[in-house]
Amino acid sequence: MDSFDLVVIGAGPGGYVAALRAAQLGMSVACVEKEKMLGGTCLRVGCIPSKALLESSEHFETARDGLKEHGVKVAGVTLDLPAMMKRKDRVVRTLTTGIDGLFRKNKVARVEGTARIAGPGSVVVTTAKGEETIAGKHVLIATGSRPAGLPGVAIDGDRIGTSTEALSFSDVPARLVVIGAGYIGLELGSVWRRLGSKVTVLEYLDRILPGMDAELAAEAMKVLGKQGLSFTLSARVTGARLDGAEVVVEIEGKDPVRADRVLVAVGRSPSTEGLGLDAVSIATDGRGRIEVDEHFQTSAPGFFAIGDVIRGPMLAHKAEEEAIACVEWLATGYGHVNYDAIPGVCYTDPEAAAVGKTEEELVAAGTPFRKGRFPFLANGRARTLGRTEGFVKVLAHEKTDRILGIHILGPRAGEMIAEAVAALEFGATAEDLARTCHAHPTLPEALKEAALAVAGRALHV
Ligand code: NAD
């Protein structure tokens, strides 16, 4: 039986990063993954393919409608969907095989098969050749999550599907209904709208982008609505059924909606099925998430868990931070994640990006704060790009001026948020940000201006 210092179950951004870091720290490491491709949901059927399609579909829409204002005339723009999909698959393949290479370089033993916990320090892997038992001084569960289902909506993987199907539709559906106005619904809804679908988003809440700052979400809805996404809020979907070639989506107290395809994007659930948590009595909470302490230790000695399978936002970079902290703690006795500085980005156009507390959270906590807001309309670079929607909002403590949250809706907000994260990580005040020189003309000048606006001194509005 092979024996390792660390056995990692799952090779997503949590698992593969944990394996690499552990190897760097001198541990012997095995990583068990049931899929042929490494990288998990994020690389195979999540973040990466969706961003590839978002990029391609944006080019298509710009070529079709967006170049005239720049004095560029193009004629006969047509969509080659198979080529677009092929490019996306190529991007995915390059990145996933890159992880194979990183495993080889770092001498991480890759075990292809499905892992099941058999007992303390023991993992059984069902491989193509049969069962194999491996031993780990420590076992790290990084099995991620899977799309959550919706009662009454039977996912058939064709007309009614999850994000996995919506990343590979073989044609552009004339009418696409998206259930859920979260990250997935808005990103993939945007892709198919740009490619020609009439997209209707049905959302249970009375707002979109739950968890994000309400002012930002309201503005995002206005902008996306203008682009042609149609929203029905306070719409609880209770069922969906096939009716010939159509799908009929039932909404509580409202008329049903007919569609050619339906994307169910109502969240994700932790993936622990068949993992054998009971074999060593690993405790889960009411939502099926593995319970861990601040060092990611589960209730079973020697077993650890990180990423989507534990509490907190289901984000690749959150899983990565936890991977590093968990493994470093094992190797050195130190390891920490700053949960107050984990950014979130929704890659719509404009992008929505945030870090730290929302205005609502500060009000609810009774934290006294000041707010600075700056619109991209007044930013020179945004003007030259012809991308003036949205704003930057900086929230700082009323007394100490320490930055508590930054929220950006605007062009390339996902890139811009990095500066905000660094500011929060270093405990910056709004004044610090306002006095930091920003190159002109750039989009991040809007961040500086919003920081100035906290003290009522924005220059360009
Ligand atoms: P989400 O939690 O972001 O949004 C789901 C939405 O569905 C919510 O607004 C919810 O109110 C709504 N909903 C639930 N039940 C409903 C019903 N019966 N009828 C109508 N609406 C209903 O989930 P998601 O968009 O599916 O994304 C899943 C996870 O993947 C999220 O945790 C997200 O963090 C992650 N993700 C992140 C990114 C990114 O970082 N850019 C992209 C995609 C996914």
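I began with Pro441, which is found in the loop between helix 12 (430-434) and helix 13 (445-454). I am working from a predicted model. The bond into this proline caught my eye. A cis peptide bond joins His440 and Pro441. I read omega there as about -5°.

I then went to Pro350. It lies in the loop between strand 18 (344-346) and strand 19 (351-356). The peptide bond from Asp349 to Pro350 is cis. Its omega is near 5°.

Next I looked up a backbone phi. Which sign does phi of Leu209 have, positive or negative? Phi of Leu209 is positive, near 45°, and the residue is not glycine. I placed Leu209 in the loop between strand 10 (198-202) and helix 7 (214-227). I noted these entries because most residues other than glycine have a negative phi, and most peptide bonds are trans.

**Ligand site**

I turned to the ligand. There are 24 residues around it. Which of them come nearest? I found Ile184, Glu187, Glu203, Gly267 and Val345.

I then listed some polar distances. A polar side-chain atom of Glu187 sits 2.9 Å from a ligand nitrogen atom. For Tyr204, a backbone N or O atom is 3.1 Å from a nitrogen atom of the ligand. At Met314, a polar backbone atom lies 3.2 Å from an oxygen atom of the ligand.

**Helix 3 with helix 6**

Glu187 led me to helix packing. Helix 6 (residues 183-194) packs with helix 3 at an angle of about 35°. Their axes are 9 Å apart. The crossing of helix 3 past helix 6 is left-handed. From helix 6, the contact uses Glu187, Leu188, Ser190, Val191, Arg193 and Arg194. So Glu187 serves in this helix contact as well as among the residues nearest the ligand.From helix 3 I noted Ser50, Lys51, Leu53, Leu54, Ser57, Glu58, Phe60, Glu61 and Arg64. By class, the contact of helix 3 with helix 6 has 5 nonpolar, 3 polar and 7 charged residues.

**Helix 3 with helix 4**

I stayed on helix 3 (residues 47-66) and checked its packing with helix 4 (residues 81-105). The angle is about 145°, and the axes are 9 Å apart. This crossing is right-handed. Helix 3 brings Ile48, Pro49, Ala52, Leu53, Ser56, Ser57 and Phe60 to the contact. Helix 4 brings Met84, Met85, Arg87, Lys88, Val91, Val92 and Leu95. I logged the classes for helix 3 with helix 4 as 10 nonpolar, 2 polar and 2 charged. Leu53, Ser57 and Phe60 of helix 3 appear in the contact with helix 4 and in the contact with helix 6.

**Helix 1 with helix 8**

My last pair was helix 1 (residues 13-24) and helix 8 (residues 316-332). They pack at about 30°, with axes 8 Å apart. That angle makes helix 1 roughly parallel to helix 8. Helix 1 passes helix 8 in a right-handed crossing. Which residues make the contact? On helix 1 they are Pro13, Gly14, Val17, Ala18, Arg21 and Ala22. On helix 8 they are Ala316, Ala319, Glu320, Ala323, Ile324, Val327 and Glu328. I recorded 9 nonpolar, 1 polar and 3 charged residues in the contact of helix 1 with helix 8.

Key
Residues numbered from 1 in each chain as written. Predicted model: local features only at pLDDT ≥ 70, side-chain atom pairs only at ≥ 80, totals over all residues. Heavy atoms only, no water. Axes fitted to C-alpha atoms, helices over the stretch in contact; angles between N-to-C directions. Helix = DSSP H or I, 4+ residues; strand = E, 2+ residues; numbered from the N terminus. Parallel < 35°, antiparallel > 145°, perpendicular 65-115°, else oblique. Left-handed = near helix turned anticlockwise from the far one by under 90°. Contact = heavy atoms within 4.5 Å. Nonpolar A, V, L, I, M, F, W, Y, C, P; charged D, E, K, R; others polar. Near = heavy atom within 4 Å. Polar contact = N/O pair within 3.5 Å; in protein donor to acceptor, adjacent residues only side chain to side chain.
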